[in-house]
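Work through the exercises below with the model in view. Try each task before reading its solution.

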Amino acid sequence: MDTTKLGLFEAISFVLIVITNKIILNLPKNVIVKCGNSAWINVIFISIIALFFTMLIVKLFKNFEGYNILGISKYLGGNIFKNIFSCAYLLVFILIATIVLRDFSETLKTIYYFNSPLTFIMLFFIIGTILGNKYGLKAIAKANLFILPIVILGIFVICISSFKNFEFTRLLPVLGNGIDTTFMSGITNIFCYSGIAYLFFIMPYLKNSKQFKKISIISIIISSLYLLLSVLCLTLVFSYITVTEESNSMYLLTRTLEFGRFFQRIDAIFILLFIMSCLSYLTITLFLILDIFKNITNIKDSKAMSYCFATLILGLALLPKNISIVRTIHYNIFKNLILYFVFGFSTLVLILANIKKKREQQGHDSLQTLQ
Amino acid sequence: MNKNFIKGISNFFLYKPSSKYEFTLPDYSSDEDSNNDNPYLEDALDPATKKISSSLDDNLNYIKAKYNSLINSDINIREFYIMAVDKRFKAFLIYIDGMADTDSINHFILKPLMLRNRTNTHKKSNICKIKINNNNEDFNLENHISDCLLPQNRVSIIEDFSKVTSDTNMGNCIVFIDSLPIAYSVDVKGFKQRSISTPQNEIIVRGSQEAFVETLRTNTSILRRLINNEDLIIENSVVGKISKTNVAICYMNSIANADLVAEVQYRINNLDIDALVSSGQLEQLIQDDSSNLFPQIIATERPDKAVYSLLDGRVIVIVNGSPYALIMPGVLNDFLSSPEDINLKYQFSNLAKAIRLLATFFALLLPGFYIAISNYHQELIPTELLFAIAASRESVPFPIIFELLFMEISFELIREAGLRVPSPIGQTIGIVGALILGDAAVKANIVSPILIIIVALTALCSFAIPDLSLNFTFRILRFVYVFLGYFGGFLGIGLGIFALLLSLSNLTSFGAPYIMPFLTNISNGTTTSYFNSPIWLREKRPKFLDTKKIFSQGNISRKWQFYKKQ
């Protein structure tokens, strides 16, 4: 058993866990807030763009099999550029982990643990992520592969079971807040696919790097379907006003579920799934943080650093005074960071590295012709 | 103390390079397509059809190679000279220790052939005269030896090695004589049969009712008798500087992965201990991760289970003096399977397996879930039931955690006490403990009735787990989940499940991923999926064993279905 490489399903679930957590952490609500009733059209639109974007990334990675984005940045701009670029990514992932930890812990506190201190709730996640990183990549990937199908099935059950509450008139007006917000300014909703950032780092861990294309496309398609399903269900079940409230929209959906007279409040079961999903997501993110740190510092074994980074994430997550600040950071700063840094700058690095590679190859070919 | 505390804390955070011993078998993950051509017919374990040579040395070399006599500890080959027609002929005999009666071999094969007597010192011319006078037949040395020199009730002359190996495996003694292109198969079977006791802990309704015993050679002879193929290797090894305990390493030479066999041999041969008395000790000494609660080696008292495992490509280790054979590698699926499963129709066994899976879930998580729900997530309980629970708890002065721990520990006490006393009293203790104590505890308002149901259901479910070691694991983990549920509700339980998944994902048993087939094996047709497919579809051996032979049956195993009636 190779303990450092990921198989096809493990790699797909590695990327998919990002979108499931985004769905759990109120992402569909933000799409609906932006586009109104036409959110589902917007999701289809941005999904197509995300798919094309993924195909572009796959194409750009073709010349760099076995490398992650940091390795490619080293090829492009040398060690100094790589280190600056790595530090930027390190900060992005720390920010992701911090926001997710605080946001989800606040949600749990509001729903069930109103008497418990926030740090106490966060500690459960921190312990889980440290434990996961002690076991290493393969164990994390396998545990994630076990958890993800159950979580995906859970989301599917939530969406399908709320069918009786569907009001199809809520889809009207079809174009929601207008064509402009649906197709033009709504394009910024592509930040939903921040899972693409994980694709940039997954290549060196693949058992078969030729499967990168398959992994990327399958994971983006499944992510799109789930995002569409959740957005559509929320639009059909709740009025625009209800969805735009601060509460967790996916949790609200679970509250509507009833199976006969006996099972009327089964939302806690889904919360258990969400907790495991969040644990898995944070563990993977911490793994990537350690991986980037290892790349920067060239330390032999970065596992021991998991305590430091986990504590750092815990500390940072406790900094914002309330959940509103966290959500502002999430949907304003983080959104732009993903858009400009992951989708913009990283892609630019890939394109430039490809151009450099092509030129080098041309130079090499012409040298051979001269000889 | 202060210094020790600081040292302990600093050690916890100090970087320690991973000292994990790593042995891995090739990882056959879901996405790698294996060769699906079924070479079953071409390379099945066909016995050799080679004819016996008239050269004794050729026969001897062939037999030695066929039976791997240098490493097979129970294969006995005895070279000697026989006397016939007043001449000396070179000869050898072969038998399997434990399967043949050595007294019969000594008195009725070796003695008449080796020692000088009236029959073997007759000259050929004299015999010819006798023969001619009686039957008017020519002298024939082959018939002379079987008719006059082997005083046994069943002696047959065989001409090819397929019969040699099959008769040897059945417990016969085979005699080869120089210059004769035949061999004599003498019926001297002497293995232990039904007097062997029935299994005490792995009881099944359908299937074999014999169990291993304490004698090593009897156990190996049981395996030989059930497998009946010379491909079975039984290697001997000695463990313990003082006890010098014999340990037999058994495997199918043409099936088991050579690396796996070598790893088992390596671990057993590198034990520096004074004494080895039981297989339980050996299990702890050679398993991959001794700190992990989950069992990694299967211990069985059933020879049929051991034989299925051998034919799957696993390695069996039998310790002299222990009635349990160790099967390695063992994955989680094996510990949740019963030997009964293979004997039942797949629909029946799958129903049993589904119930067992449910029982596993309850045995591990039910008390933890109860405490989490009643402390943090009460809305999960339907209103009517919630009222009933609240009413039943009204007169109980203790918190739920106390009630639960009190009942769980009481139950563990009953179980432990029931095991340690003679069986008739044990049953009484069970009844007294479970019924009277439970009833009295409810009446005394120490615990609520609902909790009795929870603890009883958990206990019932834990009995449905087929493996004793896994049962112990769940008993310990149950308490962990109770505390996690108490401190964090579903958050604690979620963390517990996540940690358990991580631990299981990280665990290997002799290089095989422990959670096979739950996560890594997606392909069909192997015998590793949790639920059984119909028996004729179980074409492949478990992938994680990386066996030399992938297929265990043909593409169409029920050929009779496709033959037209004549």
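Helices (H or I, at least four residues) and strands (E, at least two) are DSSP runs, numbered from the N terminus. The expected span of a helix is 1.5 Å times one less than its number of residues. The model is predicted: local features need pLDDT of at least 70, side-chain atom pairs count only at pLDDT 80 or more, and totals for chains, interfaces and linings use all residues. Residues are numbered from 1 along each chain as its sequence is written, and chains are lettered from A and ligands numbered from 1 in the order in which they are written.

**Exercise 1.** Describe helix α1 of chain A.

Solution.
- Take the length: α1(A) covers residues 8-24, 17 in number, and reaches 25 Å from first C-alpha to last, close to the expected 24 Å.
- Look for a bend: α1(A) turns by about 30° at A:L16 (the angle between axes fitted to the seven residues ending there and the seven starting there).
- Check burial: 16 of the 17 residues of α1(A) are buried (20 or more other C-beta atoms within 10 Å of a residue's own, C-beta atoms being placed from the backbone).
- Step past the end: A:N26, just after α1(A), has a positive phi of about 70°.

**Exercise 2.** Find the strand order of the five-stranded open sheet in chain B.

Solution.
- Trace the pairs (at least two DSSP bridges between two strands): the order is β1-β2-β4-β5-β3, with antiparallel pairing.
- Identify the edges: β1 (75-84) and β3 (155-158) of chain B each pair on one side only.
- Examine one pair: ten bridges join β1(B) and β2(B) (residues 87-96) in the antiparallel sense.
- Pick one bridge: B:A84 partners B:K87 in β2(B).

Conventions: A residue is buried if 20 or more other C-beta atoms lie within 10 Å of its own, exposed if 12 or fewer, and partly exposed in between; C-beta atoms are placed from the backbone.
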